[in-house]
Amino acid sequence: MSSTENRVVIIDDDRDFSRSLVELLEIEGYQAIAYRDGNLALNKIGPEFDGVVLLDIRMPTISGEDVLKRLLEQDRSLPVIQITGHGDIPMAVRALKQGAYGFFTKPLEIDELFRDINNALALRHTEIERRRLQHQLEMRDDVAATINGGSPEIESVRQQIVKIGAADVDVLLRGETGTGKEVVARALVQMSARREAPFVAINCGHVSHQQATEELFGVETLLPNGDTNVRQGHFERANGGTLLLDEIESMPIDMQARLLRVLQERAFERINGEVLIPLDIRIIATTKVNLDGAVADGAFREDLYYRLSGVELPIPPLRERGIDTVLLFDRFLSEYGSDAEIPPGLMSDLLSHDWPGNVRELRNAASRYASGLSVFALNDAQRKNSLAARVAGFEKDLIEAALAHNAGSIKRTMLDLDVPRKTLYDKITKHGIEKKDFNPKDY
């Protein structure tokens, strides 16, 4: 619920009084609703309710005092103003001690009641906003624990997750194989109001056209006895929650048209069905290719691409994340139960490797290292002869030569190589260069 709406719930078994009070509140701009039964109202008012409750004390099915107790057990900060036509001072004191925000007797002093309602709403909205910010901070910590790394590139991803996670919009995640798109998708869900709702994932590249149609939309089959057998599809199972469409670029073109219709209308029909089923769902799609190119080649619908890419989040490849490669490798070693340190030579290899399989490949490398095997699937001769290894070796030789020429002076080496100090230090660390070997003068 939006905290900009002034909601008031009236719980009173007096129909005429409740109707009159609702009309007065609506004239003043409040959103008012009345319940004659306290049990029914209790089922409607949850911890996230952002309004005020006006509660009669004497009611037939459940007393106002019991309703107050149960409301405050659920949410101690909920403002409840008690109202009665049979009030006295001891009753008022007891209500306030129980946690009521205020107490009024009938006939009501309307101006005073509105004043208390306004004050209570202001406090309630502040509390709801405080909870929202608190949840956002907690989720930010969870995101940091899930999306590891200290590089600016991955920090930008974390910030985007926090920013768009709570917005109930469809999202397109773009990144190479193994960059962690599903991990990001789940982090987005945890930041959203749908975090407790269903999360359903389907890999569009692993099902046939017929399977995709049935799995997405479900099927109705008429049985010989006249009954209808219903098999729910992913849309229906994810209703109220989130549907992850992994590798969306693999979806057949005619299926894309059906998906576009669902996204536009937020409704669908099962295969062989005749009933239009309303859909409350968030779509997160992932792709490992540039969909602009797929659109140009006619392999992906332009209108679907524009519909999905309103919020597009690129996931950086591992080779662009710098020291994150070493940090993640160390974390994976810990997960595999290894406390081995990463020697400078291996650190250099990790930083210079191209990582075409990204984080998934890095995790496999850590698994091999923790088992005492070679880090890289390629043998040493192949790896040392690769383009990345040659470039890294050439860069290391240049830096070492410049350091030797300048007697270890970082300042003069910076000028010779025309690189910033931080960049030079990063590369010295990356290549495992020992500064003490060059008689450094000013580090």
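Student: What makes helix 6 oblique to helix 7 in this structure?

Tutor: In this predicted model, the axes of helix 6 (residues 152-165) and helix 7 (residues 181-190) come within 8 Å and cross at roughly 40°. Angles under 35 degrees would count as roughly parallel and those from 65 to 115 as roughly perpendicular, so an angle of roughly 40° belongs to neither group, and helix 6 is therefore called oblique to helix 7. The crossing of helix 6 with helix 7 is, in addition, right-handed.

Student: Which residues of helix 6 and helix 7 meet, and how many of the residues in this contact are nonpolar, polar or charged?

Tutor: From helix 6 come Val157, Ile161, Ile164 and Gly165, and they meet Val184, Ala187 and Leu188 of helix 7. Six of the residues in this contact are nonpolar, one is polar and none is charged; Gly is counted among the polar residues, which means that Gly165 is counted as polar in this contact.

Student: How do you know which strands are the edge strands of the open sheet?

Tutor: The open sheet has five strands in the order 7-10-13-6-14, with parallel pairing, and the edge strands are strand 7 (199-203) and strand 14 (312-314), each of which pairs on one side only. Neighbouring strands of this sheet are turned against each other by 20° on average, with direction ignored.

Student: Why are strand 7 and strand 10 said to pair?

Tutor: Pairing requires at least two bridges between two strands, and five bridges join strand 7 to strand 10 (residues 242-246), with the two running parallel, so the condition is met. In one of these strands, strand 10, Leu244 is the bridge partner of Ala201.

Student: What does helix 6 touch when it packs on the sheet, and what angle does its direction make with that of strand 14?

Tutor: Helix 6 touches strand 6 (171-174), strand 13 (282-287) and strand 14, and its direction makes about 160° with that of strand 14. Angles over 145 count as roughly antiparallel, so helix 6 and strand 14 are roughly antiparallel in direction.

Student: How does the radius of gyration of the protein stand against that of a compact globule?

Tutor: A compact globule of 443 residues would have a radius of gyration near 22 Å, whereas the protein has 31 Å. Along its principal axes the C-alpha trace spans about 95 × 70 × 40 Å, and the secondary structure comes to 19 helices and 14 strands.

Methods
Residues are numbered from 1 along each chain as its sequence is written. This is a predicted model: local features need pLDDT of at least 70, side-chain atom pairs count only at pLDDT 80 or more; totals for chains, interfaces and linings use all residues. Side-chain values use heavy atoms; hydrogens and water are left out. Axes are lines fitted to C-alpha atoms, for helices over the stretch in contact, and angles run from 0 to 180 degrees between N-to-C directions. Helices (H or I, at least four residues) and strands (E, at least two) are DSSP runs, numbered from the N terminus. A crossing is left-handed if the near helix is turned anticlockwise from the far one by less than a right angle, and right-handed if clockwise. Contact means heavy atoms within 4.5 Å. The radius of gyration is taken over C-alpha atoms; the globule rule is 2.2 Å times the number of residues to the power 0.38.
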